[in-house]
Amino acid sequence: MAIKYEYSSDCCNHFYIEIRNPEDQQVMTKCNICGQGDYVLTAQTEEQSPTVSE
Amino acid sequence: MSLSIYSNPSFTDSPYGLKLQRTITATGTNTITDIPTGINRVYVVVIGGGGAGSTQTTGGGGGGGAGGYSAGWTYVTTSVTVGAGGTGTSTAGAGANGGSSIYGMVFAGGGSGGQNSVFGGSGGGATTSTGATSTISYTGAPGASASVGYAAANGNAGVSSGGGSGSATTTGTQTANAGAQGLITGGGAAVGTAGLGTGGNGGTGDFFAGGNGSSGTGITFGGGGGGAGISSAGIDASGKNGGNGGDGGGGGGGASTLGTAGSGGRGEVRIYF
């Protein structure tokens, strides 16, 4: 089950989303605007499971 | 305050003023419906899954190729496909190819699996590479069987580099080839020798390191390290088993003599607007 993680940076309040599996690492941890602040999790919701095709 | 793009990979290769707003790493086809109304064009970086390393009945297998890298403007759509990395196994033969990643009209193929004790896998292009030959890249650069390229052929450097070619020699001191250097890199090759064997390291990436090859005497050593992805480093080999490729397209390391080859790293899609 993929999860939609919503973040806000604690420096610039940049709103940023990752859709990933819960066991996977967070890709971006530092703010994309200034590169200084951390992304703080503000919400997470279950997404529809990705459809895997061969 | 000073900033370096190298301290934050999200600054790379995106037009000035755009911000990274979405990153999708869940493999398969995802549905996204939250791009704000009024945004009709977005800039995306799309990375295919890395190829798995190979394992062989005798000798060492080649490393898997890196996933493809494509970037550009596209229309907004609700469908995002992220390619899985090829799964490494202990069955002798070529490794599995990585899967393609797609958003809108930007496509990135998977890296090809390591082939055998002669050839590693090639880096992915706009489509999945085939064996030791790379495919056309998103820039239009043609595929190649042996050259440095945007999507590089086995053993060669490029934005998406090739996996190292393996070693077929089963006696004496042997050292396998490393994965080639690149933005996203291929896995290292393996050796399978009765003597001292050292597996190749995963290719050195622009942002992350490749995994280290394994070294020791006998065929229970000599696995190749995983290649670097765009989001994490390759994993070290363990004994005769290859290391997994890093997240974001790293190729898997080759395995020594029926060890388990490293799996390729998953793909990734980044959306900027």
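## A word on strands first

Strands here are DSSP runs of at least two residues, numbered from the N terminus, and two strands pair if DSSP finds at least two bridges between them. With that in hand, A:E18 stands opposite B:T23, a residue of β1(B). Keep in mind that this is a predicted model.

## Where the two chains join up

The pairing around that spot goes between chains: β2 of chain A, residues 15-20, is joined to β1(B) by three bridges. The two strands run parallel.

Zooming out, the contact draws on 21 residues from chain A and 21 residues from chain B. On the chain B side, β1 (20-24) and β2 (28-31) each put in at least two residues. The largest share there belongs to β1(B), with five residues. As for chemistry, the side of chain B that touches chain A has 13 polar residues, five nonpolar and three charged.

## Chain A on its own

Now for chain A by itself. You'll find three strands and zero helices in it, so to speak a plain β-β-β order from the N terminus on.

What radius of gyration does chain A have? It comes out at 13 Å, while a compact globule of 54 residues would be near 10 Å. Along the principal axes, the C-alpha atoms of chain A fill a box of roughly 40 × 20 × 15 Å.

Burial and contacts round off the picture. In chain A, 24% of the 54 residues count as buried. Take the contacts in chain A with a separation of 6 or more: 50% of them link residues 24 or more positions apart.

How values were computed
Residues are numbered from 1 along each chain as its sequence is written. Chains are lettered from A and ligands numbered from 1 in the order in which they are written. This is a predicted model: local features need pLDDT of at least 70, side-chain atom pairs count only at pLDDT 80 or more; totals for chains, interfaces and linings use all residues. Two residues are in contact if their C-beta atoms, placed from the backbone, lie within 7 Å. Helices (H or I, at least four residues) and strands (E, at least two) are DSSP runs, numbered from the N terminus. Ala, Val, Leu, Ile, Met, Phe, Trp, Tyr, Cys and Pro count as nonpolar, Asp, Glu, Lys and Arg as charged, and the others, Gly among them, as polar. The radius of gyration is taken over C-alpha atoms; the globule rule is 2.2 Å times the number of residues to the power 0.38. A residue is buried if 20 or more other C-beta atoms lie within 10 Å of its own, exposed if 12 or fewer, and partly exposed in between; C-beta atoms are placed from the backbone.
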